[in-house]
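Here is a short report on the side-chain contacts and backbone details of one protein model. Keep the structure open while you read.

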Amino acid sequence: MKPVTAPGAAALARLTASRRQRNLVACGALLGLCLLLMLLSLGAGAFAIAPGRVAEILLARLGSGPAELLDSREALVVLNIRMPRLLLGALVGAALAISGALMQGLFRNPLADPGLVGVSAGAGLAAAATIVLGDRLLAGFGMKLPFAALPFGAFFGGLVSTLALYLIATREGRTSVATMLLAGVALGALAGSLTGLLAYVSDDRQLRDLTFWSMGSLGGASWSKLSVVAPIVLPLLIAVPFLARGLNALMLGEAEAYHLGIPVQRIKALAVLLVALAVGASVAAAGVIGFVGIVVPHLIRLLIGPDHRLLLPLAAIGGAALLVGADIVARLIVIPAELPIGIVTAFIGAPFFLWLLLRRGRIAES
C-alpha cells in the first residue's frame, strides 16, 4: 500500500471537511424542521391557533408573558390537549425510527423493519386480548376496563414475543440473524391470525375500539399516558447510540467484527432487547403505526451515510419530525374528524418501500 502523499493528504482533508460540513447542515436542517413542525402541531386542528399565539402561550407558561393568558381557552387546548399529544408523537416517532435503524444495522439490510421480528404483531395481539377478553372478564364483576390496561397489555405482549423470538433463534449462546428473521415472520403471522380471531368474536363496541387502535392514533394522548411512556423511551434513546461502534463493525460481517474485539452476541442481544422495549412501548401508547422504522433511517442514510454514530441520533429526530408531521395531516385532512395516523404513515411509507425495492432490483441487475 502506497503512503499518502502531501497532495493526497490535502485532498483527503478537504473531503473530510466537506463531509463534516454537509453533515452539520443536514443535522441543523433536520432539527429545524422538527422544531417547526412541533410549533405548527400545537396550533393545527379543528380549533386552529396561530403560531404566534402558540408562542405567546408557551412563553407565558415559562413565566415570560402575562399570566392571565394561561386562563384562556387557547392555552387550555395547547397545554392540556395538544402538548401531551405532541410530546407523545415525538417520542413514538423517535422510538420507531431508531428501532428501524437498529434492525437495519443488525440485519445489514436497509429493508429491515421492527415489524419483521414480530414485536408489533405480538404487542397488537396482547392489546386485542386486553380489549376483548379483559373487557368481558371485568364486565362479569360489574367493572369497566381501565384505559391504562391497554398500554400495559401491549407492552407485555411485545416483551413476550421478543423473548420467544430470542429463544427460537439462539442456540448455544449464539443468535442466528437469519433464523431470527424467519421466526419473526412466523410469529407475526401467528399473532395476526389470533388477532383476527379476537376481532371475529368481539362485539360492536370492542370491534370499533380494536379497529381504531390497530390503525394507530395519538388521539388518546394525555399527561398520564406520557408519564408512563417517557420513562421507558427516553432512557432507550439515550442508550442506543452507545451501540453505534458495534453496529459499524457489524457492517463488515460478524466474523470481522469479532476479530476487531466487538462482543457480537452481546450487541445483537442488546439490539433486540432495545427494539422490543421501544416498539412495545410505542405500540402500547399509540397503536400500530407502520413504515416509520424503514422510511426514516433509509432517508437519513442517503443524507449522511451509514455511520451509526450520526445515523442513530438523526433517525430519532427524523422519526419525531415524520410522526409529528403525519399527525398534523391526520388532524387537518378530514376536519372536524380525525384520520388515524397509521393510514397517513402507510400512505407515505408504502410507495417509498416499493421504490426502494425497485431501486435495489435495478442495482442488483446492473
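Phe-352 and Trp-355 both sit in helix H14. They are three residues apart, about one turn of the helix. This is a predicted model. The structure holds one aromatic pair. Phe-352 and Trp-355 form that pair, with 5.6 Å from centre to centre and 45° between the planes. The geometry counts as tilted, because stacked needs planes under 30 degrees apart and edge-to-face needs over 60. Phe-352 counts as buried, at 13% relative accessibility. Trp-355 counts as partly exposed, at 36%.

Another ring has a charge for company. The charged end of Arg-73 sits over the ring of Phe-47. The distance to the ring centre is 4.5 Å.

**Salt bridges**

The structure holds seven salt bridges. Three of them are set out below.

| Pair | Closest N and O atoms |
|---|---|
| Arg-53 and Glu-56 | 3.3 Å |
| Glu-74 and Arg-53 | 2.5 Å |
| Asp-307 and Arg-309 | 2.7 Å |

Start with Arg-53. It forms a salt bridge with Glu-56 and another with Glu-74. Arg-53 and Glu-56 share helix H2, which covers residues 51–61. They are three residues apart, about one turn of the helix. What does the bridge between Glu-74 and Arg-53 tie together? Glu-74 lies in helix H3 (residues 73–107) and Arg-53 in helix H2, so the pair joins parts that are 21 residues apart in sequence.

How accessible are these three residues? Arg-53 is partly exposed, with a relative accessible area of 31%. Glu-56 is partly exposed as well, at 40%. Glu-74 is also partly exposed, at 22%.

Now take Asp-307 and Arg-309. Asp-307 is partly exposed, with a relative accessible area of 22%. Its partner Arg-309 is exposed, at 59%. Arg-309 clears the exposed mark because that class begins over 50%.

Salt bridges also link Arg-85, Asp-327, Arg-331 and Glu-338 in a network.

**Nonpolar cores**

How many residues make up the largest nonpolar core? The count is 81. Leu-88, Val-92, Leu-102, Ile-289 and Val-292 have the most contacts inside this core. Helix H11 supplies the largest share, 14 residues. Apart from this core lies another, of 20 residues. Cys-34, Ala-44, Ala-75 and Ala-90 are among its members.

Look more closely at Val-92. Set aside its neighbours within four places in sequence. Val-92 is then in contact with Ser-282, Ala-285, Ala-286, Ile-289 and Leu-323. Of these, Ile-289 is named with Val-92 among the core residues with the most contacts.

**Cysteines**

A disulfide is a covalent bond between the sulfur atoms of two cysteines. The structure holds zero disulfides. Cys-27 is in none, and its nearest cysteine sulfur belongs to Cys-34, 13 Å away. Why is Cys-34 not bonded to Cys-27? The sulfur of Cys-27 is the closest cysteine sulfur to that of Cys-34, yet 13 Å is too far for a bond. The cut-off for a disulfide is 2.5 Å. Cys-34 is buried, with a relative accessible area of 6%. It belongs to the core of 20 residues.

**Backbone details in two loops**

Which residues does the cis peptide bond join? They are Ile-335 and Pro-336, and omega is about 5°. Pro-336 lies in the loop between helix H13 (308–332) and helix H14 (341–365). Helix H14 also carries Phe-352 and Trp-355.

The other loop runs between helix H11 (264–286) and helix H12 (292–304). Phe-291 is found there. Its phi is near 75°, a positive value in a residue other than glycine. Is Phe-291 buried or partly exposed? Phe-291 counts as partly exposed, at 28% relative accessibility.

Conventions:
Residues are numbered from 1 along each chain as its sequence is written. This is a predicted model: local features need pLDDT of at least 70, side-chain atom pairs count only at pLDDT 80 or more; totals for chains, interfaces and linings use all residues. Side-chain values use heavy atoms; hydrogens and water are left out. Helices (H or I, at least four residues) and strands (E, at least two) are DSSP runs, numbered from the N terminus. Buried means under 20% relative accessible area, exposed over 50%, partly exposed in between (1.4 Å probe, protein chains only). Rings of Phe, Tyr and Trp (its six-membered ring) pair if their centres lie within 6.5 Å; planes under 30 degrees apart count as stacked, over 60 as edge-to-face and the rest as tilted. A charge sits over a ring if NZ of Lys or CZ of Arg is within 6 Å of the ring centre and within 35 degrees of the ring normal. A nonpolar core is a set of buried Ala, Val, Leu, Ile, Met, Phe, Trp, Tyr and Cys residues joined through side-chain atoms within 4.5 Å. Contact means heavy atoms within 4.5 Å. A salt bridge is a side-chain nitrogen of Lys or Arg within 4 Å of a carboxyl oxygen of Asp or Glu.
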